[in-house]
Amino acid sequence: MADISHNLKTIQGQIAAATSKSGRPADCVQLLAVSKTYPPGIIQQAYAAGQIHFGENRVQELIEKVPALPQDINWHLIGHLQKNKVRKVLAGLAAIHSVDSLAIAQSISRIAGELGLKISIYLQVNISQDDAKFGFATEEMPVVLEQVQAMPHLHIEGLMTIPQFTPDLEKTRHHFSALRDLRDQLAPSSGLPLPGLSMGMSHDFTVAIEEGATIVRVGSAIFGQR
Ligand SMILES: *Cc1c(COP(=O)(O)O)cnc(C)c1O
């Protein structure tokens with residue numbers, strides 16, 4: 001069985017090394033523990049070791065886990081969201097990383113308004129132009145931001161991406177730096193700070209941090225292979 005507490009310490013050490021290597025402050029990167037497919041008992045072990053941000057990719061699984069775990073956990077939705085599930089999932093979410101269409105953004109803002117909430121979101125960009133992945137195309141982002149900015153119940157944290165998998169970390173680095181460059185272009189033109197960059201998973205989070213990630217989504221390196 002995975003030694004979760006040990007794995008978390010190792011990863012925190014790798015995060016610290018990657019921030020220092022790239023001259024960034026040690027506390028500028030949050031670790032999001034991706035707990036999808038793991039039962040509450042396992043998640044509890046990570047919580048007991050001090051982890052408080054957890055990510056799930058399926059609405060149904062998320063809403064079943066929330067009541068089974070401590071109330072002060074910050075839950076993040078990281079998977080594609082369907083319109084008919086928005087109402088079920090909004091209350092209590094720390095952030096949605098996977099806002100991948102104007103229609104879903106609209107739906108989240110409208111329902112958040114009805115519930116008296118303001119939801120933190122990341123706009124998912126399909127930076128590697130992978131047909132199999134959700135997300136906005138890079139070139140549509142100026143228009144997307146203009147529209148999403150006008151939706152009153154959303155707080156835009158920044159951008160998120162899941163690059164196409166390749167074992168070549170230098171190719172992946174290029175996708176991460178492309179997301180950062182896109183943010184650097186969009187922030188002044190939109191007038192939004194867009195501080196958040198949600199990028200990097202178990203196999204590439206140190207590279208993502210070197211390229212500016214502010215939150216890394218790490219599952220198997222904490223909990224073991226799914
Ligand atoms: C599963 C998942 C992760 C974590 O993947 P690992 O390789 O287990 O670290 C990160 N982001 C998203 C969107 C995921 O679905």
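Here are a few numbered points on the ligand site and the salt bridges of this structure.

1. A word before you start: the model is predicted, and the residue numbers below count from 1 along the chain.

2. A good place to begin is the ligand and its neighbours. Going along the chain, the residues around the ligand are Val34, Lys36, Ile78, Ile162, Met201, Ser202, Arg217, Val218, Gly219, Ser220 and Arg226. By type, this shell holds five nonpolar, three polar and three charged residues.

3. Next, look at the polar side chains that meet the ligand. In Ser202, a side-chain N or O atom is 2.5 Å from an oxygen atom of the ligand. Arg217 places a polar side-chain atom 2.9 Å from a ligand nitrogen, while a polar side-chain atom of Arg226 lies 2.9 Å from a ligand oxygen. As for cover, the ligand taken alone exposes 390 Å², and the protein buries 90% of that.

4. Which pocket does the ligand take up? The space taken by the ligand is the largest pocket, so you can find the site by following the residues named above, Ser202, Arg217 and Arg226 among them.

5. Away from the ligand, the salt bridges deserve a look. The count comes to twelve. One of them joins Arg173 and Glu210, with their closest N and O atoms 2.9 Å apart. This pair links distant parts of the chain: Arg173 belongs to helix H7 (residues 169-190) and Glu210 to helix H8 (residues 205-210), and the two residues are 37 residues apart.

Definitions and conventions: This is a predicted model: local features need pLDDT of at least 70, side-chain atom pairs count only at pLDDT 80 or more; totals for chains, interfaces and linings use all residues. Side-chain values use heavy atoms; hydrogens and water are left out. A residue is near a molecule or strand if one of its heavy atoms lies within 4 Å of it. A polar contact is a pair of N or O atoms within 3.5 Å; within protein, one must be able to donate a hydrogen and the other to accept it, and residues adjacent in sequence count only if both atoms are side-chain atoms. Accessible areas come from the Shrake-Rupley method with a 1.4 Å probe; for residues, only the protein chains shown count as cover. On a 1 Å grid over the protein atoms alone, a cavity is a set of points where a 1.4 Å probe fits but cannot get out, and a pocket is an open set with protein on both sides within 12 Å along at least five of seven lines; lining residues have an atom within 4 Å of a point. A molecule sits in a cavity or pocket if more than half of its atoms lie within 2 Å of its grid points. Ala, Val, Leu, Ile, Met, Phe, Trp, Tyr, Cys and Pro count as nonpolar, Asp, Glu, Lys and Arg as charged, and the others, Gly among them, as polar. A salt bridge is a side-chain nitrogen of Lys or Arg within 4 Å of a carboxyl oxygen of Asp or Glu. Helices (H or I, at least four residues) and strands (E, at least two) are DSSP runs, numbered from the N terminus.
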